Amino acid sequence: MALAGEQLTGRRTTWAVLMAILGIGVLSVMDAAVKGIAASVPTWEIVFLRYAFGTAFALPAFLAGERRLPPLEILRAHFLRSIAVVLTALTFFYALGVLPLAVCLALSFTSPIMIALLARISLGERPGAGVLLAIGVGFLGVLTVLFGELQRSGGATLAGILAATIAAGTYAVSMVSLKARAARDRLATIVFLQNGFAALLVAPLAAVFWTGSGVTRIWWFALLGFLGTVGHYALAWSYRHADASRLGAIEYTAFLWAAGLGLIFFGEIPSLATLAGAALIVVGAFLAARARS
């Protein structure tokens, strides 16, 4: 019986890792779409329209299972989490507008380490040596990428570097709080409240700085909302079924998506350092998937 239970847990963890990779991939496509318009549409406007459309896409699934608003305790928890979500979006979307895609992703990849530390402090997780090794190997890959890209890039501004680093910290907070809520709340509730509260938080400042330039690309923002909703459903499911510290290491695979998308859509040819770092990131993700908690 114990062996069967371990096998079931192992299969569930494997599916959680695969869903995390899928969710990260979908969100990476969304990030590339944001980069395509970040230079011509104000960041506040991008964030508001992205979450407004995300709310619209998440609403049907929420209404299918809910006939009333969740209790105040659930609303409060998701409101606080949405603050971290909004800060992540604002700083990361800004960084996308001023940094090469690979550099932006590399800078944000201190988040797996922060996720592991926060999960240990707030959730009582005790990641095993294999998970810690995976995080270390992946982070070494990120440093390799970052060194190579910054050496040859003239587009890396101090403000962009700072914004991407802040985004890593707030993202870690949002993911650890997602793990805490995923065990208690319906996935439809999590995704709907994340989008809805984020849109409400951004709306006042979006109104102040509104230029209307995003309206001319309204279908583009509908795509952003759809991709964001699908990606966060996948991540919410995966965080329900596996430890946050293990899934944090899988975040490194976003760089692989970013390198491919940067090459295809923005002509950002990866350097040898980038390819070497990508290889280390793949090894780290593999170790995380195989490691015992």
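The exercises below work through helix packing and salt bridges in a predicted model.

Residues are numbered from 1 along each chain as its sequence is written, and side-chain values use heavy atoms, with hydrogens and water left out. Because the model is predicted, local features need pLDDT of at least 70 and side-chain atom pairs count only at pLDDT 80 or more, while totals for chains, interfaces and linings use all residues.

**Exercise 1. The chain as a whole**

Task: State how many helices and strands the chain has, and what percentage of its residues count as buried.

Solution:
- Step 1. Helices (H or I, at least four residues) and strands (E, at least two) are DSSP runs, numbered from the N terminus. The chain has twelve helices and zero strands.
- Step 2. Buried means under 20% relative accessible area, exposed over 50%, and partly exposed in between (1.4 Å probe, protein chains only). Of the 293 residues, 52% count as buried.
- Step 3. Contact means heavy atoms within 4.5 Å. Among the contacts in the chain with a separation of 6 or more, 92% come from residues 24 or more positions apart.

**Exercise 2. Helices α2 and α8**

Task: Determine how α2 is oriented relative to α8, and which residues make the contact.

Solution:
- Step 1. Two packed helices are described by the angle between their axes and the distance between the axes. Axes are lines fitted to C-alpha atoms, for helices over the stretch in contact, and angles run from 0 to 180 degrees between N-to-C directions.
- Step 2. The axes of helix α2 (residues 43-65) and α8 come within 8 Å and cross at roughly 150°. α2 is therefore roughly antiparallel to α8. The classes are roughly parallel for angles under 35 degrees, roughly antiparallel over 145, roughly perpendicular from 65 to 115, and oblique for the rest.
- Step 3. The crossing of α2 and α8 is left-handed. A crossing is left-handed if the near helix is turned anticlockwise from the far one by less than a right angle, and right-handed if clockwise.
- Step 4. On the α2 side, the contact residues include Trp44, Phe48, Tyr51 and Phe62; on the α8 side they include Val191, Phe192, Val202 and Leu205.
- Step 5. The residues of this contact of α2 with α8 divide into 18 nonpolar, five polar and one charged. Here Ala, Val, Leu, Ile, Met, Phe, Trp, Tyr, Cys and Pro count as nonpolar, Asp, Glu, Lys and Arg as charged, and the others, Gly among them, as polar.

**Exercise 3. Helix α9 and its partners**

Task: Describe how α9 crosses α8 and how it crosses α7.

Solution:
- Step 1. Helix α8 (residues 187-208) and helix α9 (residues 218-241) have axes that come within 10 Å and cross at roughly 130°. α8 and α9 are therefore oblique to each other, and α8 passes α9 in a right-handed crossing.
- Step 2. In α8, Leu187, Ala188, Val191, Gln194 and Asn195 take part, and they meet Thr229, His232, Tyr233, Ala236, Trp237 and Arg240 in α9. By class, the contact of α8 with α9 has six nonpolar, four polar and one charged residues.
- Step 3. The axes of α7 and α9 come within 8 Å and cross at roughly 65°, and this crossing is right-handed.
- Step 4. Tyr171, Met175, Leu178, Lys179 and Ala182 of α7 make the contact with Leu235, Ala236, Tyr239 and Arg240 of α9. Seven of the residues in the contact of α7 with α9 are nonpolar, none polar and two charged.

**Exercise 4. The salt bridges**

Task: Find which residues the salt bridges join into one network.

Solution:
- Step 1. Side chains of opposite charge can pair when their charged atoms come close. A salt bridge is a side-chain nitrogen of Lys or Arg within 4 Å of a carboxyl oxygen of Asp or Glu. The structure holds two salt bridges.
- Step 2. One salt bridge joins the side chains of Arg181 and Glu73 (3.3 Å, N to O). This pair links distant parts of the chain, with Arg181 in helix α7 and Glu73 in helix α3 (residues 72-98), 108 residues apart. Arg181 counts as buried at 7% relative accessibility, and Glu73 counts as partly exposed at 41%.
- Step 3. Arg181 also forms a salt bridge with Asp185, the closest N and O atoms being 2.9 Å apart. Asp185 is buried, with a relative accessible area of 6%.
- Step 4. Salt bridges that share partners join Glu73, Arg181 and Asp185 into one network.
- Step 5. Asp185 lies in the loop between α7 (158-182) and α8. Not counting residues up to four places away in sequence, Asp185 touches Ile74, His78, Ile190 and Arg240.
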